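Biologist: I would like to learn how to read a helical model. Can we go through one feature at a time?

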Amino acid sequence: MIYVVVAVAILMTMVLAVVRALKGPTLYDRVLAVNMFGTKTALLLAVVALLFERYDFLDLALAYAL
């Protein structure tokens, strides 16, 4: 149950990052938003691995983070 809440929270922050990447007032804001989106993607992969008990997804999250 807690993993679902965490996954939804991460998805909400990813949506906010996309909004900031599209509407950011400066180029620096847009670059930081895209960087944050990539970091949140790796984190979401790790949470999904724990949620579905598919621990091989942790390898994917690590590879994506690299």
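Modeller: We start with the overall layout, then take helix pairs, then single residues. Keep in mind that this is a predicted model.

Biologist: Which elements make up the protein chain, and in what pattern?

Modeller: Begin by listing helices and strands. The protein chain has three helices and zero strands. Along the sequence the pattern reads α-α-α.

Biologist: What box do the C-alpha atoms fill?

Modeller: Take the extents along the principal axes. Here the box is roughly 40 × 25 × 10 Å.

Biologist: How many of the 66 residues count as buried?

Modeller: Burial is judged from relative accessible area, and under 20% is buried. By that cut-off, 20% of the residues of the protein chain are buried.

Biologist: And what share of the contacts joins residues at least 24 apart?

Modeller: Start from contacts between residues at least 6 apart in sequence. Of these, 37% join residues at least 24 apart.

Biologist: Now the helix pairs. How do H1 and H2 cross?

Modeller: Read the axis distance and the angle together. Helix H1 covers residues 2-23 and helix H2 covers residues 27-51. Their axes come within 9 Å and cross at roughly 160°. An angle over 145 degrees counts as roughly antiparallel, so H1 is roughly antiparallel to H2.

Biologist: Is the crossing of H1 and H2 left-handed or right-handed?

Modeller: H1 passes H2 in a left-handed crossing. Then sort the contact by residue class. Between H1 and H2 there are 20 nonpolar, two polar and five charged residues.

Biologist: Where does H3 lie in sequence, and how does H3 cross H2?

Modeller: Helix H3 spans residues 57-65. The axes of H2 and H3 come within 8 Å, and the crossing angle is roughly 170°. The cut-off of 145 degrees applies again, so H2 and H3 are roughly antiparallel to each other.

Biologist: Which residues make that contact between H2 and H3?

Modeller: On the H2 side they include Gly 38, Thr 41, Ala 42 and Leu 45. On the H3 side, Phe 57, Leu 60 and Tyr 64 are among them. By class, the contact of H2 with H3 has eleven nonpolar, two polar and no charged residues.

Biologist: Let us take Thr 41 by itself. Is Thr 41 buried or exposed?

Modeller: Compare its area with the cut-off. Thr 41 lies in helix H2. Its relative accessible area is 18%, so Thr 41 is buried.

Biologist: What does the side chain of Thr 41 reach?

Modeller: Look for a backbone partner as well as side chains. The Thr 41 side chain reaches the backbone oxygen of Phe 37 at 2.7 Å. Setting aside residues up to four places away in sequence, Thr 41 touches Met 14 and Tyr 64.

Biologist: Which residues is Ala 7 in contact with?

Modeller: Place the residue, then check burial, then contacts. Ala 7 is found in helix H1. Ala 7 is buried, at 11% relative accessible area. Beyond its neighbours within four places in sequence, Ala 7 is in contact with Leu 44 and Val 47.

Biologist: How should I read separation along the chain against separation in space?

Modeller: Set two pairs side by side. Ala 7 and Lys 23 are 16 residues apart, with their C-alpha atoms separated by 24 Å. Val 6 and Val 48 are 42 residues apart, with a C-alpha separation of 9.7 Å.

Biologist: And is Val 6 buried or partly exposed?

Modeller: Val 6 lies in helix H1. Its relative accessible area is 32%, so Val 6 is partly exposed.

Key
Residues are numbered from 1 along each chain as its sequence is written. This is a predicted model: local features need pLDDT of at least 70, side-chain atom pairs count only at pLDDT 80 or more; totals for chains, interfaces and linings use all residues. Side-chain values use heavy atoms; hydrogens and water are left out. Axes are lines fitted to C-alpha atoms, for helices over the stretch in contact, and angles run from 0 to 180 degrees between N-to-C directions. Helices (H or I, at least four residues) and strands (E, at least two) are DSSP runs, numbered from the N terminus. Angles under 35 degrees count as roughly parallel, over 145 as roughly antiparallel, 65 to 115 as roughly perpendicular and the rest as oblique. A crossing is left-handed if the near helix is turned anticlockwise from the far one by less than a right angle, and right-handed if clockwise. Ala, Val, Leu, Ile, Met, Phe, Trp, Tyr, Cys and Pro count as nonpolar, Asp, Glu, Lys and Arg as charged, and the others, Gly among them, as polar. Buried means under 20% relative accessible area, exposed over 50%, partly exposed in between (1.4 Å probe, protein chains only). A polar contact is a pair of N or O atoms within 3.5 Å; within protein, one must be able to donate a hydrogen and the other to accept it, and residues adjacent in sequence count only if both atoms are side-chain atoms. Contact means heavy atoms within 4.5 Å.
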